[in-house]
Amino acid sequence: MGDLKELNIIVAGIGGQGQLFLSRVIGEIFMRSKIPVYISETHGLSQRGGSVIVHIRIGSMVRAPLIPVGRGHIMLSLELIEAARGVEYLDPRGVALVNRKLIRPPGQIIKISEEEIIEYIRSRVRKLYLLRASEISTKMKMPISANIFMIGSLVRLLDSVEILGESLCDIIIQDLLPKKSKDVNIKIYEEGKRELGEMLTQDDIIELKKLILRK
């Protein structure tokens with residue numbers, strides 16, 4: 001995709017889920033591709049399981065670090081409640097990639113069901129993809145690597161809409177992953193690509209291209 005003017009990505013989750021590393025990897029991928037990128041974190045008690053949301057703004061026309069409400073193209077969320085909180089930043093024509101993981105905040109009195117949360121997110125966005133990031137990474141004995149699975153899903157999406165080449169992303173991510181447990185993390189990353197690739201439809205790709213290009 002020649003000159004990328006504006007791409008807005010929201011990363012949501014709670015403290016300890018690795019969304020800051022995830023965001024740094026996304027930033028590195030675009031910087032090494034010589035595409036301007038801004039990253040801005042907003043969080044509360046992140047060390048105690050509080051909300052963490054990261055705004056990633058990419059492209060030659062971006063002038064401010066925070067994504068205006070309703071202007072996000074893609075949301076990556078590592079948890080369902082945080083996805084529901086962050087979905088307001090998405091354009092209604094945008095795409096949400098959400099880890100199907102529910103972590104209820106302590107002391108919650110009214111317990112909304114998982115399906116109710118999913119339906120709320122689905123009602124606010126054109127396309128919701130529910131991914132098994134925590135389930136797969138736990139099966140591979142690396143539960144903390146759900147974020148790596150989500151990076152794989154994002155890379156598959158960006159490749160599909162012709163923003164970044166998957167092979168280039170693979171090389172950069174292999175450079176950035178810590179040496180310890182690199183082999184299993186690469187497998188988890190590949191699983192993230194595979195799972196979204198099996199779910200992604202041609203119509204979604206066409207619609208997302210239109211949204212990013214503002215046609």
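## Contacts and model

Two residues are in contact when heavy atoms of one lie within 4.5 Å of heavy atoms of the other. The structure described here is a predicted model, and each value below was computed from it.

## Overall build

The protein contains 8 helices and 6 strands. Along the sequence, these elements follow the pattern β-α-β-β-β-α-β-α-β-α-α-α-α-α. Its C-alpha atoms fill a box of roughly 50 × 40 × 30 Å along the principal axes. The radius of gyration is 16 Å, which agrees with the value near 17 Å for a compact globule because that value is the one set for a chain of 215 residues.

Of the 215 residues, 52% are buried. The surface that the protein exposes amounts to about 10400 Å², and 54% of this area is supplied by carbon and sulfur atoms. Taking contacts between residues at least 6 apart in sequence, 66% join residues that are at least 24 apart.

## Strand β4 and its partners

Strand β4 covers residues 72–77, and 6 of its 6 residues are buried. It pairs with two strands named here. With strand β1 (residues 7–14), β4 forms a parallel pairing over 4 bridges. Within this pairing, A12 has S77 of β4 as its bridge partner.

With strand β5 (residues 90–99), β4 again pairs in the parallel sense, over 5 bridges. L76 has L97 of β5 as its bridge partner. Between β4 and β5 the chain passes through helix α2 (residues 80–86), and this β-α-β crossover is right-handed.

## Nonpolar cores

The largest nonpolar core has 52 residues, and L7, I9 and F30 are the ones that touch the most other members. Helix α5 gives the most to this core, contributing 9 residues. A second core, separate from this one, has 19 residues, including I53, I81, I117 and V125.

For L7, the contacts beyond its neighbours within four places in sequence are F30, I56, R57, I58, H73, I74, L158, I163 and I212. F30 is both a contact of L7 and, with L7 and I9, one of the core residues that touch the most other members. H73 and I74, also in contact with L7, fall within β4, which spans residues 72–77. L158 is another contact of L7, and its position lies within helix α5, which spans residues 146–160.

## Asn147 in helix α5

N147 is part of helix α5, which runs over residues 146–160. Is N147 buried or exposed? Its relative accessibility is 5%, and residues under 20% count as buried, so N147 is classed as buried.

Leaving out residues up to four places away in sequence, N147 touches Q17, G18, F21, L22 and L78. F21 and L22 are positions within helix α1, which spans 19–32.

## Pro36 in the α1–β2 loop

P36 sits in the loop that links α1 (19–32) to β2 (37–43). Its relative accessible area is 42%; this lies between the limits of 20% for buried and 50% for exposed, so P36 is partly exposed.

Which residues does P36 touch, not counting residues up to four places away in sequence? They are R57, I58, G59 and S60. R57 and I58 also appear among the contacts of L7. P36 and D203 are 167 residues apart in sequence, with 28 Å between their C-alpha atoms.

Technical notes: Residues are numbered from 1 along each chain as its sequence is written. This is a predicted model: local features need pLDDT of at least 70, side-chain atom pairs count only at pLDDT 80 or more; totals for chains, interfaces and linings use all residues. Side-chain values use heavy atoms; hydrogens and water are left out. Buried means under 20% relative accessible area, exposed over 50%, partly exposed in between (1.4 Å probe, protein chains only). Two strands pair if DSSP finds at least two bridges between them. A crossover is right-handed if, with the strands pointing away from the viewer, the path from the first strand over the helix to the second runs clockwise. The radius of gyration is taken over C-alpha atoms; the globule rule is 2.2 Å times the number of residues to the power 0.38. Accessible areas come from the Shrake-Rupley method with a 1.4 Å probe; for residues, only the protein chains shown count as cover. A nonpolar core is a set of buried Ala, Val, Leu, Ile, Met, Phe, Trp, Tyr and Cys residues joined through side-chain atoms within 4.5 Å.
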